[in-house]
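Visitor: I should like a close look at the sheets of this structure and at the helices that accompany them. Please take the parts one after another and describe how they are arranged.

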Amino acid sequence: MGRTLAEKVWDDHVVRRAEGEPDLLFIDLHLLHEVTSPQAFDGLRKAGRQVRRTDLTIATEDHNTPTLDIDKPIADPVSRTQLETLRKNCAEFGVRLHPLGDVEQGVVHVVGPQLGLTQPGTTVVCGDSHTSTHGAFGALAFGIGTSQVEHVLATQTLPMAPFRTMAITVDGELPDGVTAKDLILAIIAKIGTGGGQGYVIEYRGSAIEKLSMEARMTICNMSIEAGARAGMIAPDQTTFDYLQGRDHAPEGEDWDAAVAYWKTLRTDDDAVFDTEVVIDAASLAPFVTWGTNPGQGAPLSANVPDPASYEDPSERHAAERALEYMGLTAGQPLREISVDTVFVGSCTNGRIEDLRSAASILEGRKVADGVRVLIVPGSVRVALQAVEEGLDKVFTAAGAEWRHAGCSMCLGMNPDQLAPGERSASTSNRNFEGRQGKGGRTHLVSPQVAAATAVLGHLASPADLAGQSDVATPAGV
Amino acid sequence: MEAFTTHTGRAVPLRRSNVDTDQIIPAHWLKKVTRDGFEDGLFEAWRKDPEFVLNQETYKGATVLVAGPDFGTGSSREHAVWALQNYGFKAVISSRFADIFRGNSLKNGLLTVVLPQETVDRLQKLVESDPTAEVTVDLVNREVRAEGVTAGFELDENARWRLLEGLDDISLTLREESAIADYEANRPSFKPRTIEV
Ligand code: SF4
């Protein structure tokens, strides 16, 4: 019987297989950041162990880094200690690190792909659940906990329990104004935050094949929000074109050998998935979340749902709680929800294409009165590219704040946070209670919806901006 | 890792679904660089509410958490497991756990037990009506027992053996040194490297 893409990559990494035990898999690339690594390095030190493959390991600083005044000492002493601990650990164990201020610094899941380190058919791990991002290249990439970080540091392998396979096939054309972010939010709303549990999802179909690498990363990034271990997309010419010429992409004969191998990384025609989901791209619309988990979403044109409409009592209860926390009432049109803050950034939507599409909407327009808009590039490279294209000027002219690269308001470990009761439209991936700051209320949106929302002051899509393009027109509603 | 064989203790009912790791331990706690001292961060936002179940005198000292479905969704932070353990929990029962959380819990000796939702409901009712009721989580016999409830649970044999013996994964893997070296010797040259060595 044929094998799926995920099974092929898995099989190629089995170091040891024994009856009744998890397979021991070799790890091609281990990404580190400051939050989930200190206890792992401590463990190594206590046991007198070394990092087995420093040449397959790389670290960056992202979660705690400030997005303003990056040349000054970090104000929060606890954040500072965490960053200093990473620097000390990397120096001691010989791990390559891109600290704050370095040109390759940025969100770990933006840095790996842009360096060309994330490649098809590799296994990629990081002590961070959004490692699933790297699956966009046809890599098997999953988030791990700190004990596993220590395990990979010490052995460059991981014992992994088997997974099930799920195909999500998206055929047809995405309508104008509908992006990868809308697609993945719609998928999560459809299969639920637990729907992917135990699965590696493969996204396929003509609509997926047409997506850029950036858009594919947005999709795979949020696989974890559907509960899946990993998300993958088969590598194709788009993937190869993205990789060629990047710092760590293979060259010469190695490139040819690599491409020949990468081309074998497709699910065989006779392979069978454990579960299949089919989605018609043409049926999709801009999508936003109204609740406190990423599965609680709806098309922007819909109303806040009535909890009483849920049959399942635990879903009903969750919806009631969510509306209470979010300060919303059933039946309220989503478009009428006003926001205080708009955040464009994160490993979901902090890449150059995301900034370009937000800028294309903000160009010649003004941010609505009283709305704070933070534009946080996913990495320094993305920031430099944006500056080269003049996007930073577009943002600042519109009244948005152009910040330094990092995770920023995605999780508010640095000073970029929502105040209690404040509401945001955010291009990040999690709308959990308090995720962006204690008491903060988050609506997950695409960069396009974020930009339109910034201009109008309430949840909106670019289509709502017709007639708003005149700079002199007062923004707002 | 401390071995887990069987544990008996009082239990806390947590009637919420989709309890994500940001609720279990909020992000600002993640700045710590140690594995202990997370107990005060456990469910920090909810504990501000005096009515929250962990604040009720009757549940003080309970060691088993009986949670709603999809417990531990969200980030990979192992701090969520440490926070539960630092607080004193030895086992968590739910009808469904997020994968990474479950993996992390078993690596740290926090037993996560999957039971059908109706059994979880019965346990929650039991400990709500009688907070002194004890729940036994028996890994040797793979069984949860409480008054009126006896329920078997599944756990893969390998994970169970590691828990029962309190085995450290890294030492086990290092026994496979020659298999790892063989694999490394045969990796294609086009595979990426972060540095020249
Ligand atoms: S941007 Fe957000 S989701 Fe991505 S790694 Fe940073 S904190 Fe995690």
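Guide: What follows treats two sheets of chain A in turn, then the surroundings of the ligand, and finally a helix pair in chain B. The model is a predicted one.

In the first sheet, four strands of chain A are arranged in the order 11-10-9-12; the sheet is open and its pairing is parallel. Its edges are formed by strand 11 (230-232) and strand 12 (275-280) of chain A, each of which pairs on one side only. From one strand to the next, the twist averages 20 degrees. Helix 6 (residues 180-191) of chain A packs on this sheet, where it touches strand 9, strand 10 and strand 12 of chain A. The direction of helix 6 makes about 130 degrees with that of strand 12 of chain A. Within the sheet, strand 9 (residues 164-171) and strand 10 (residues 199-204) of chain A run parallel and are joined by six bridges. In this pairing, A:Arg164 of chain A stands opposite A:Tyr199 in strand 10 of chain A.

Helix 6 of chain A also packs against helix 8 (residues 213-221) of chain A, at an angle of about 20 degrees and with the two axes 9 Å apart. Angles under 35 degrees count as roughly parallel, and helix 6 and helix 8 of chain A are therefore roughly parallel to each other. The crossing of helix 6 of chain A past helix 8 of chain A is right-handed. From helix 6 of chain A, the contact involves A:Ala180, A:Lys181, A:Leu183 and A:Ile184, which meet A:Ala215, A:Thr218 and A:Ile219 in helix 8 of chain A. By class, the residues of this contact are five nonpolar, one polar and one charged.

The second sheet of chain A is likewise to be read strand by strand. Five strands of chain A form this open sheet in the order 17-16-15-18-19, with parallel pairing. Strand 17 and strand 19 (441-444) of chain A are the edge strands, each pairing on one side only. Strand 17 (residues 401-402) of chain A pairs with strand 16 of chain A over two bridges in the parallel sense, and A:Leu374 stands opposite A:Glu401 in strand 17. Strand 16 (residues 372-375) of chain A is joined in turn to strand 15 (residues 341-344) of chain A by four bridges, and these two strands run parallel. Here A:Arg372 in strand 16 of chain A is the bridge partner of A:Thr341. Towards the other edge, four bridges join strand 18 (residues 423-426) of chain A to strand 19 of chain A, again in a parallel run. A:Ser426 has A:Leu444 in strand 19 of chain A as its bridge partner. Helix 11 (residues 313-326) of chain A lies across strand 18 and strand 19 of chain A and runs at about 110 degrees to strand 19.

The ligand is surrounded by residues of chain A, among them A:His63, A:His109, A:Asp128, A:His130, A:Cys347, A:Cys407, A:Cys410 and A:Arg435. The shell around the ligand has five nonpolar, five polar and two charged residues.

In chain B, helix 3 (residues 79-87) and helix 4 (residues 99-107) pack at an angle of about 50 degrees, with their axes 9 Å apart. That angle makes helix 3 of chain B oblique to helix 4 of chain B. Their crossing is right-handed. B:Ala80, B:Val81 and B:Leu84 in helix 3 of chain B meet B:Phe101, B:Asn104 and B:Ser105 in helix 4 of chain B. This contact divides into four nonpolar, two polar and no charged residues.

Key:
Residues are numbered from 1 along each chain as its sequence is written. Chains are lettered from A and ligands numbered from 1 in the order in which they are written. This is a predicted model: local features need pLDDT of at least 70, side-chain atom pairs count only at pLDDT 80 or more; totals for chains, interfaces and linings use all residues. Side-chain values use heavy atoms; hydrogens and water are left out. Two strands pair if DSSP finds at least two bridges between them. Axes are lines fitted to C-alpha atoms, for helices over the stretch in contact, and angles run from 0 to 180 degrees between N-to-C directions. Contact means heavy atoms within 4.5 Å. Angles under 35 degrees count as roughly parallel, over 145 as roughly antiparallel, 65 to 115 as roughly perpendicular and the rest as oblique. A crossing is left-handed if the near helix is turned anticlockwise from the far one by less than a right angle, and right-handed if clockwise. Ala, Val, Leu, Ile, Met, Phe, Trp, Tyr, Cys and Pro count as nonpolar, Asp, Glu, Lys and Arg as charged, and the others, Gly among them, as polar. A residue is near a molecule or strand if one of its heavy atoms lies within 4 Å of it.
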